[in-house]
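Subject: Structure for you to look at

Dear colleague,

I am handing over the structure we spoke about, and below it you will find what came out of going through it. Please keep the sequence and the 3D view open side by side while you read.

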Amino acid sequence: MVTYRRGGHVRNGDDAVERGCEHCDWHCVAESYPELIERYQAHLRAEHPKAWLRT
Ligand SMILES: [Zn+2]
C-alpha cells in the first residue's frame, strides 16, 4: 500500500507530480499521485461535470 504524507511540505519537487486539464487551462501540482488524481477529479466534477461522468 502506498502511503503519503498529508499537509507536509513538498521536498524540492523531486517527488512532485503535475497534470493539466484536457478541457481547459487548469493545471495542478501535487506531492503525490493519489492527491493529484483526487484534485483532478474534484476539478472535473466542479468544472466539467459531463466529462467527469464519462470517466
Ligand atoms: Zn478543466
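Apart from its neighbours within four places in sequence, tryptophan 26 is in contact with Gly20, Cys21, His43 and Glu47. Please bear in mind from the start that this is a predicted model, and that what I describe was computed from it. Tryptophan 26 itself sits in the loop between β1 and β2, and its C-alpha atom is separated by 8.4 Å from that of histidine 43, although the two residues are 17 residues apart along the chain. Is tryptophan 26 buried or exposed? Neither word fits fully, because tryptophan 26 has 16 other C-beta atoms within 10 Å, and that makes it partly exposed; to be called buried, a residue would need 20 or more such atoms, and to be called exposed, 12 or fewer.

It may help to place that loop in the whole protein, which has 2 helices and 2 strands, running in the order β-β-α-α from the N terminus on. The strands β1, residues 17–20, and β2, residues 27–30, pair in the antiparallel sense over 4 bridges, and a hairpin of 6 residues joins β1 to β2. If you want to follow the pairing residue by residue, you can start with arginine 19, whose bridge partner in β2 is cysteine 28, and then turn to glycine 20, which stands opposite histidine 27 in β2.

Glutamate 18 also lies in strand β1, and, with neighbours within four places in sequence left aside, glutamate 18 is in contact with His27, Cys28 and Val29. The C-alpha atoms of glutamate 18 and valine 29 are separated by 4.2 Å, while the two residues are 11 residues apart along the chain. Glutamate 18 counts as exposed because it has 10 C-beta neighbours inside 10 Å.

The next residue to find is arginine 39, which lies in helix α1, residues 33–47. Not counting residues up to four places away in sequence, arginine 39 touches Cys28 and Ala30, and the C-alpha atoms of arginine 39 and cysteine 28, 11 residues apart along the chain, are separated by 7.7 Å. Since 15 other C-beta atoms lie within 10 Å, arginine 39 is partly exposed.

Finally, two figures describe the protein as a whole, and you may like to keep them beside the details above. How many of the residues count as buried? Of the 55 residues of the protein, 2% do. As for contacts in the protein with a separation of 6 or more, 16% of them are accounted for by residues 24 or more positions apart.

With best wishes

Technical notes. Residues are numbered from 1 along each chain as its sequence is written. This is a predicted model: local features need pLDDT of at least 70, side-chain atom pairs count only at pLDDT 80 or more; totals for chains, interfaces and linings use all residues. Two strands pair if DSSP finds at least two bridges between them. Two residues are in contact if their C-beta atoms, placed from the backbone, lie within 7 Å.
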